[in-house]
Amino acid sequence: MNLTLFFFLIKYSFSYFHLRKACIRSAKRNKMTTLGDIGVAAAINIGSAFLFFLAFAILRLQPFNDRVYFPKWYLKGLRTDPVHGGVFVRKFVNLDWRAYLGFLNWMPEALRMPEPELIDHAGLDSVVYLRIYLLGLKIFVPIAFLAWIVLVPVNWTSTGLEGAKNITSSNIDKLSVSNVHSRSERFWGHIVMAYAFTFWVCYILLKEYEKVASMRLEFLATEKRRPDQFTVLVRNIPPDPDESVSELVEHFFMVNHPGHYLTHQVIYDANTLAKLVKKKKKLQNWLVYYRNKLERTSERPEMKTGFLGLWGKKVDAIDYHTTEIDKLSEEIASERKKVTDDPKSVMPAAFVSFKTRWGAAVCAQTQQTRNPTLWLTEWAPEPRDVYWRNLPIPYFSLSVRRLIMAVAFFFLTFFFMIPIAFVQALASIEGIERIAPWLKPLVTVPFIKSFIQGFLPGIVLKLFLIFLPTILMIMSKFEGFGSISSLERRSASRYYLFNFVNIFLGNVLTGSAFQQLKSFVHQPANQYPITIGTAIPLKATFFITYIMVDGWASIAAEVLMLKPLIFYHLKNFFLVKTEKDREEAMDPGSIGFNTGEPRIQLYFLLGLVYAAVTPAVLPFIIIFFGLAYVVFRHQIINVYNQEYESGAQFWPDVHGRIVIALTVSQIVLMGLLTTKKAASSTPFLIVLPILTIWFYRYCKGRFEPAFVKFPLQEAMMKDTLEKATEPHLNLKGYLHNAYIHPVFKDSMDDEDDDDDTFSNNWETESMTVRTKRHSQRHTPLPSRISGTSSPPQSPFAGDGIQNEP
């Protein structure tokens, strides 16, 4: 069954590329797709989506697929492998025929969970991500209704395409603005609708921004205690010849945040140590596997020491791995001592924790010194969200790295088609004959020739696009962002820009992105809207086809999870050695904001651009948003496990990109009406982009602070409530390991030292701060240090965890 679906998907992908190429050739011959062609394409995609849903309904009921389609419940410990008595086949196949009757029951089940419960189950990030699809429905359902009531009759009853020379049109073009005569008074209808669409989109965006901001503040206020609520990340700490980074951080915050500073953890360059620890865990997993094998067979397992165990000296597997782990443990201990003892391993950055959320909020949201480039503070990401590999990057190099990546992204975007065109040329009949003349008899075989000409170029393009998100993520990591959420947000913004240039403009205009850029440079700026506006109506049918393939069939394939299904069973059969391997093979991953959100934004862009131009596009987009909402709600409930929680910090980016799409739609309509010589009515559209930009600035000032700051009033209320309900809370004990690098935390778990150095009375203790500097400043401040100097450092020197008196 799995293999059948796999080959069907390959065949379907080939059909899509063939259809796309046929559409492009048809457009070049100036022949338009008819409503019949659209109907056939819709039937194919609806049939494909139905088959995907049917296959999913069958596969999800099979016991051996349970960990693939419900992994989130396994991770929560609320689900176990299905156990069926009776015949052996029941372990693999569900023989209850009644279970197959309601094969679409998963859809209402996905919609049944209320939003507050869904937040508890999956987190605010996942719920707000789902609201993007709901936002699409809220925007486009009323717009589509209004457009079909007003604009479609206006366009359909016009006769602008009748008798036009050198233009081949179809019924779908009669639904667009192209069918309206030049200088027609009917364009007033499009202008009025443009105003109506703009005001409706702005109204919905305003309400949604207000709702999400309220959800975020309520989530932060009611959320359980988390380390990031008390912690800030401090970067660009200035060097001091008399004090270490740890001592400098402690002195600075005890002086400048008296009564609030609690503890700190300096940041080490532990990337090499992390690699060694990862290698050791892998060897330990193999050791567990061979020990389990010994228990099952009562024979000592053997292995070869060469590459992948294919050759080399044959040795006892258990003894070999035990010896290698011991060697690696010594190497890790040596590297750990090197990291903790070498001052050069300590970076000029630290996680600083405070006694209250109020104290952390004041520090994170204020400037610390006269020099705004020193002692830079920001809210610390939650421990799960920290991307430890980037924290050791010196702050001064971040600007240089981001400049380099900005230039690299420019060339990636505008020269993207050059390497693809080169590879596609090599993948052509002529290219193969030129490179390998001896293959000429083979490539002239009709079937192989058709495959090369019809499918191979499309496969090349698809492969490049598959690797694009990975390339963009690597670029974001090189820039040095310190959290996974910020990495995904940066990657998403670039993916959106790439889609805008290479998918939207790349299909609207002819030539590569670089050729488009060159043509834009050599024409006046006031010609840009005219150039784009002229081409927009001609590409409506292509984008309708694109929406059906990418937005209908692909969304249906999302719930089927064919790739994870195949990979899980392959890993389970060939690679799983221990229960830990089984959990990793079942790992469902997260939503993938860096790829999913830019994809959604492309549909917002297409819908808003074509709303007043070709309303026939809107029903296809509405189906996408409705279908995607149901599918991803199911996936978030049962499959995806978000690896961090940012409290919907990405929402301002979502809002901004929709506003950009709205502005682009207004400019395109202006350009289009200019080509229609509607000189008397076009100037009335100029005010729309101005109003839209003003609306964006208003929302940014009104709501965005809720996504980058935490209100002091809310922080004080939460602190007061916590102090009343938990008066004896040992906050220092709660925070002391939160922001230690995972490689150090693992070593702490292995040690048996009993840490009784924490006191519950740190709030009432104070003393004079003393430093190694010859300073005349002696300020009475709260302190946890006994005597005039710091106690002996632990193996994690500089972690800011001092002994209580």
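## A tour of selected salt bridges

Begin by selecting Asp-719 and Arg-357 in this predicted model, where the two residues form a salt bridge whose closest N and O atoms are 3.1 Å apart. Asp-719 belongs to helix H31 and Arg-357 to helix H13 (residues 357–364), so this pair ties together parts that are 362 residues apart in sequence. With the surface displayed, note that Asp-719 is buried, as is Arg-357.

Next, select Arg-225 and Glu-726, a salt bridge in which the closest N and O atoms lie 2.5 Å apart. Arg-225 sits in the loop between helix H9 (187–222) and strand S1 (231–235), while Glu-726 sits in the loop between helix H31 (712–725) and helix H32 (731–735), so the contact joins parts that are 501 residues apart in sequence. Arg-225 counts as partly exposed, at 22% relative accessibility, and Glu-726 likewise counts as partly exposed, at 35%.

Now move to helix H12 (residues 317–341), which holds both Lys-337 and Asp-341, four residues apart, or about one turn of the helix. These two residues form a salt bridge, with 2.9 Å between the closest N and O atoms. Asp-341 is partly exposed at 48% relative accessibility, whereas Lys-337, with a relative accessible area of 53%, is exposed, the cut-off for exposed being over 50%.

For the last selection, take Glu-223, Arg-226, Asp-228, Glu-382 and Arg-384 together, as salt bridges link these residues in a network. To place these stops in context, a search of the whole structure finds 20 salt bridges.

Definitions and conventions. Residues are numbered from 1 along each chain as its sequence is written. This is a predicted model: local features need pLDDT of at least 70, side-chain atom pairs count only at pLDDT 80 or more; totals for chains, interfaces and linings use all residues. Side-chain values use heavy atoms; hydrogens and water are left out. A salt bridge is a side-chain nitrogen of Lys or Arg within 4 Å of a carboxyl oxygen of Asp or Glu. Helices (H or I, at least four residues) and strands (E, at least two) are DSSP runs, numbered from the N terminus. Buried means under 20% relative accessible area, exposed over 50%, partly exposed in between (1.4 Å probe, protein chains only).
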